[in-house]
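Student: Please walk me through this model one feature at a time. I'd like the general idea each time, then the case at hand.

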Amino acid sequence: MHTHIMPKNLPDWEAKFGYDGFIRLDHHRKSWARMMQGDKFFREINENCWDPNVRIDEYKAFNTSVQVVCTIPVLFAYFAKPEHGLEVAKYLNDDIAELIKKYPKNYIGLGTLPMQSPDLAVKELYRIKEIGLVGVQIGSNIENKNLHEPEFYPIWDACEKLDLAVLVHPWNMMGSKHMGRYWLPWLVGMPAETSRAMCSMIFGGVFDKYPKLRVNFCHASGSFMATLGRIEHGFNCRPDLVAIDNPINPREYCGKFWVDCITHDPLMLEYILKMQGPKRVTLGSDYPFPLGDLEIGAFINDMNLDYEVVNDIFCNSTLEWLNLKREQFL
Ligand SMILES: [Zn+2]
């Protein structure tokens, strides 16, 4: 339920809009492309980032037939002028809509939103519903605004009304400028970002204002679940700082949202399963990127879990999160 895809070709948005920050693709050799931000090299990607058949074949090796796809967070374009952010989002969403139309048994689509403009984001949510996507992926912060901010309420409201699920993905990692070495933005910043998003939404009361909102958090909640004791203790010992907008203990929210299983660690997954229950733990991979669980679910098969628990993680919990039926994919 957590895989990334992008169109094979991107417009030159920098040239079109007249400012930089957008990603360009440079197909510099067969089957590979360089993602460029201006003249800056961001990452080299393989055709499994855009070729649906290559992806289906690579998944077969792990007995996996359905992929929930969403864009790559570096393409969010939250920094852009709102109308440009909308144009980028539409382009990426239309590409995924085409894919799911062509391969309805293999792909499920999540859209992206111009979160810098909640008005335009809500409009795009209605379009996303029409073109057959079942949810959206959003970043853990929006140009450093946290997700509890009231300006995002209309987006949660529309997701609830339209029955669209939400995946919160870490990105724009805090502290990146000061920890360039050792891949720390990915290893330290990303888990912290997910906890930042979860704490903001919990302490801001988002789950109580929108009780039907179905949210999934990447990488097994990042550092949230592992530091929940500390978060709860902070809530109890300094309510004057923490419980200012919501009097409910953060621990009570476990099992109300979903998380993926990307822990790379059976011991941590056991803990996550205890905290969440198997119906709230979904099979994520982060495919096709190297930090993902690219031997999809193999460590879970080795954990000697009950068949029902594995079945929940591998299938049922994602279907429930997205409000879909197993039969659609058989
Ligand atoms: Zn990811």
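Tutor: Let's start in a loop: Ala-220 sits between strand 9 (215-217) and helix 8 (228-237). Keep in mind as we go that this is a predicted model.

Student: What is the phi of Ala-220?

Tutor: The general idea first: most residues other than glycine have a negative phi, and most peptide bonds are trans. Ala-220 goes the other way, with a positive phi near 55°.

Student: Is Ala-220 buried or exposed?

Tutor: Buried, because Ala-220 has 28 C-beta neighbours inside 10 Å, and the cut-off for buried is 20 or more.

Student: Where does His-264 lie, and what is its phi?

Tutor: His-264 lies in the loop between strand 10 (258-260) and helix 10 (266-276). Its phi is positive too, near 60°. The surroundings of His-264 hold 13 C-beta neighbours inside 10 Å, so it counts as partly exposed.

Student: And the peptide bonds: which one is cis?

Tutor: Look at the bond from Tyr-287 to Pro-288: that one is cis, with omega near 5°. You'll find Pro-288 in the loop that runs between strand 11 (281-282) and helix 11 (298-301).

Student: On to sheets. In which order do the strands of the open sheet come?

Tutor: The order is 2-3-4, with antiparallel pairing throughout these 3 strands. At the edges are strand 2 (23-29) and strand 4 (40-46), each pairing on one side only. On average, neighbouring strands in this sheet are turned by 30° against each other, ignoring direction.

Student: How many bridges join strand 2 and strand 3?

Tutor: There are 5 bridges, in the antiparallel sense, with strand 3 covering residues 32-37. To get the register, pick out facing residues: Asp-26 has Arg-34 in strand 3 as its bridge partner, and Arg-24 stands opposite Met-36 in strand 3. As for side chains, the general idea is that in a regular strand they alternate between the two faces of the sheet.

Student: Which residue takes a positive phi in the hairpin of strand 2 and strand 3?

Tutor: That's Ser-31, with phi near 70°; the hairpin has 2 residues between the strands.

Student: Now helices. How do I read a packed pair?

Tutor: Two packed helices are described by the angle between their axes and the distance between the axes. Try helix 3 (residues 82-102) and helix 4 (residues 118-130): their axes come within 10 Å and cross at roughly 15°. That makes helix 3 roughly parallel to helix 4, since the cut-off for that label is an angle under 35 degrees. The crossing of the two is right-handed.

Student: Which residues make the contact?

Tutor: From helix 3 come Pro-82, Leu-86, Ala-89, Lys-90 and Asn-93, and from helix 4 come Leu-120, Glu-124 and Ile-128.

Student: Let's zoom out. How many helices and strands are there in the protein?

Tutor: The count is 12 helices and 11 strands. The C-alpha atoms fill a box of roughly 55 × 45 × 45 Å along the principal axes.

Student: What does the radius of gyration say?

Tutor: For 330 residues, a compact globule would come out near 20 Å; this protein has 19 Å, so the two agree. Buried residues make up 42% of the 330. And for contacts between residues at least 6 apart in sequence, 68% join residues at least 24 apart.

Note on methods. Residues numbered from 1 in each chain as written. Predicted model: local features only at pLDDT ≥ 70, side-chain atom pairs only at ≥ 80, totals over all residues. Pairing = 2+ DSSP bridges. Helix = DSSP H or I, 4+ residues; strand = E, 2+ residues; numbered from the N terminus. Axes fitted to C-alpha atoms, helices over the stretch in contact; angles between N-to-C directions. Rg over C-alpha atoms; globule rule 2.2 N^0.38 Å. Buried ≥ 20, exposed ≤ 12 C-beta atoms within 10 Å, placed from the backbone. Contact = placed C-beta atoms within 7 Å. Parallel < 35°, antiparallel > 145°, perpendicular 65-115°, else oblique. Left-handed = near helix turned anticlockwise from the far one by under 90°.
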